[in-house]
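Trainee: I keep running into labels for residues and helices, and I'd like to know where they come from. Can we go through a few together?

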Amino acid sequence: MAKEQQKAFHHRASLKQKNKPFKSRFASKNSLRDKSKGRTQRASVKGKVLRKHTRADRRNAMRTEQRKKRDQIVLSTRIFNGRYRAPKIVAVIPLCADLDPSNIVRDLYQSVDQEYPESALKTARVLDIARFKQTIQFVEVGRNLLDILDAAKVADYMIMGLSAEVEVDAFGEHCLSAIQNQGHPAVFPVVRGLESVPTKRRNDVKKSLQSFMHHFFPDVDRVHTTESPTESLAILRMLTSQVPKGIKWRDSRPYLMAENLQFEPSAEDPQLGQLAITGYLRGASISANRLIHIPNFGDFQIERILNVPVAMEDARGNAIEEDDEPTVLDQPDPANQDSLVDSNEPNQLNNEQTWPEDEEMDGWREQMAKMEEDERMLAVDGDRTLRVPKGTSTYQAAWIADNNAEEGSDTSDYSDEDDSDMMDDSDSDAASEENAEEYEDMRVDKDGKPTNNGGANSMDDEDEEHDDDDDNMLTAAEEAAQLKAYLKERERLNRDDLQFPDEIDTPMDMTARERFARFRGLQSFRTSPWDPYENLPLDYARIFQFESFKRTQQRVVRMAGNAPTKAGMHIRIVLKAVPAHVTASYNPNRPFVVFGLHQYEHQMSVVNFTVVRNAEYTEPVRSKDPLVIHFGFRRYNVRPIFSQYLNGGATTNNVHKFERFLKPGEVSVGTIFAPIQFGTVPVSLYLPSSASDGDSSSRLPTLVGTGSSLSVDPSRILAKRVILTGAPFKIHTRGAVIRYMFFNPEDINWFKPVQLFTKYGRTGHITESLGTHGYMKCMFDGPIKQMDTVCMNLYKRVFPKWNTSLWSEHSQNEEQQAQWVGPVVERPVAMDL
């Protein structure tokens, strides 16, 4: 009995039973539901045993993660330690008009019992702290926004100088906003002048300044002072003990703060030569095959890279003998060195060419016969009639072609490229009527001399007219009135675009099929096919395009890490073919920074960037308006065109709607021709110049918008939309008679395939034309209302213009340069708490 009981309770040694998959008798409801939805479950690997993690396993995993993080910290701080360590760059930026950054640096020197180097350059004051085994390089920046931005791009820390007696002015707030937009390292606010504030009010002043800085930099939790050596030493301890906060777009490429420049002119051309830049390499590794970008001057090739030894001292303060001869680290390979050619040379012979048809040849024969007849009549008669503006002289009329000869080309060469899509057709009609009243006929002979006095003036009157040219110049009041009218018209167009976006009236002086010949209708804006390589302008033959931009970017960044010259080395970069004015404009007391380029970053392409309009700037910003773009470490003069930004990414056909104005509160995409940029970099848009008057705040640079780089994609289609509107005349259930959209039956038949829609959500199509005045019968998916408006969408692709140029501070006049400089006051003004 005992044996039988043991056999009855014996467990099976085989695995758990599995039902046949094609039978669903024993299947659960969840499994049947998953099966109906097409879900499949992967079978577990045979023989794989799920092992439960013990406490020791979790501890080992935690130790491994800690070791990885520790190794990353050691790797990032290795260049600041050791005998040949690189100094940490600390930018000292004054935010108040009465603050001198040298006073802050002097207090920090005195806290470690070292003498402040008065004779040293403001950008090369190096403090070697033996107690902390660290070296700090202070960069004292003046109240110049360009210098502040350049110093913030390469600094490891920033000391923001505040005053206890003077408030932060508009220039200081503008600097904080600009630094915040481009990315910044760790910030240390330091206040000076607390000794002049009563003791009871010092805490209130510090709390007020701390709240002000916390608005721009949320990580700031306190405001430091340099009143005593103890507090100054605490600042140095934080600067030397903390790990510098990295900036992603900056750390992925090499950069250098120049200590000195040496220019050697060329024997062939004294205006060109070799420029040697010495300093500590930071960021990524650099190769001699890549290019170097100098802000305000452009890109240059590398001749060689040298390792420059630094004189050191031992523990007793005795100088150590070093080899003064620099050694060559890297030289370019002629086969792999990047070229300075930034664009392709388009070949006109590669364009598509077709042989003219017989009908086209017959038309040309008729036109040539007519021209020959006109020439024969002119030789016999000698007189002809010209259509000229009223008051035109004989000299000016000689340059005006015959009205009959130009009559045929005016309509055939009509183009609505730039201005016609920005203005209303009603405005163009009124302008044409005014122009008709300002013209007259003038009878001239074959030599261009007038045959009667009914047209232009005689030769004697012409001389008087040339003498009175100066009198016809506009006065200052007239120019101001015209500028006011122009700005008022821009404001009206911006207001109309916000209220009635893309709506225009069909012109009555020409047919709609001619006016909108380059437009097309789309069944779906998101999914309808559109060939991105159709009818491209000639500028697209000059740019570069990647088969896979992301894959190329990964390969380029990976290859850059294998360069022989590593970060932290004290090197000298020798550039070739550098203009002499680079050294002539060099100021040792201003920061001079250079950046290394990745491969292909010198070539031109179509660059897209996101932009959000600045809420403080209320004037209308139009597409193709001239702007100054700060694109990472580069600055350009651009005329961007704006388009809509989609949060979900690109559409199926990669078509995006063109925006006539940069709308407030919305994210838009700007498109320009610019050099290729790998990675995401910050973008800031400024007006090229601002009006300057007696007020110092008006000389501030005007920030239009901020954003970041988006993509390098020439196949991104920007479609400009126009909406033709019509009004219901008669309505019968789903059918309706529409008028005022077109004014002749030929246009109705031409646009008959395009879909219609109403502002109340109905869709329909044109069925037939009624009469000869533009009435048409339409059918909709439901009854429409009498108050509804019938619309038709037409689209045309627009392209950016090849007008990008390097922005240089030294090419600006004194008035334009003054807008980047903040005011400095000698007499302090009491702070209002």
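Mentor: Sure, and keep in mind that this is a predicted model. Let's start with His224, which has a relative accessibility of 7%.

Trainee: Why is His224 called buried or exposed at that value?

Mentor: Buried means under 20% relative accessible area. His224 comes in at 7%, so it counts as buried.

Trainee: Where does His224 lie, and what is it in contact with?

Mentor: His224 lies in strand β6, residues 224-225. Leaving aside neighbours within four places in sequence, its contacts are Phe188, Pro189, Val190, Val191, Ile235 and Met238.

Trainee: How do you know which label, buried or exposed, fits Cys778 and Cys791?

Mentor: Use that cut-off of under 20% again. Cys778 has 1% relative accessibility, so it is buried. Cys791 has a relative accessible area of 2%, so it is buried too.

Trainee: And how many disulfides are there?

Mentor: Zero. To count, a pair of cysteine sulfur atoms has to be within 2.5 Å.

Trainee: Now the helices. What makes α4 parallel or perpendicular to α8?

Mentor: Helix α4 (residues 101-111) and helix α8 (residues 229-241) pack at about 95°, with axes 8 Å apart. Angles of 65 to 115 degrees count as roughly perpendicular, so α4 is roughly perpendicular to α8.

Trainee: Which residues meet there?

Mentor: From α4, Asp107, Leu108 and Ser111; from α8, Pro229, Ser232, Leu233, Ile235 and Leu236. By class, that contact has five nonpolar, two polar and one charged residues. Ile235 of α8 is also one of the contacts of His224.

How values were computed: Residues are numbered from 1 along each chain as its sequence is written. This is a predicted model: local features need pLDDT of at least 70, side-chain atom pairs count only at pLDDT 80 or more; totals for chains, interfaces and linings use all residues. Side-chain values use heavy atoms; hydrogens and water are left out. Helices (H or I, at least four residues) and strands (E, at least two) are DSSP runs, numbered from the N terminus. Buried means under 20% relative accessible area, exposed over 50%, partly exposed in between (1.4 Å probe, protein chains only). Contact means heavy atoms within 4.5 Å. Axes are lines fitted to C-alpha atoms, for helices over the stretch in contact, and angles run from 0 to 180 degrees between N-to-C directions. Angles under 35 degrees count as roughly parallel, over 145 as roughly antiparallel, 65 to 115 as roughly perpendicular and the rest as oblique. Ala, Val, Leu, Ile, Met, Phe, Trp, Tyr, Cys and Pro count as nonpolar, Asp, Glu, Lys and Arg as charged, and the others, Gly among them, as polar.
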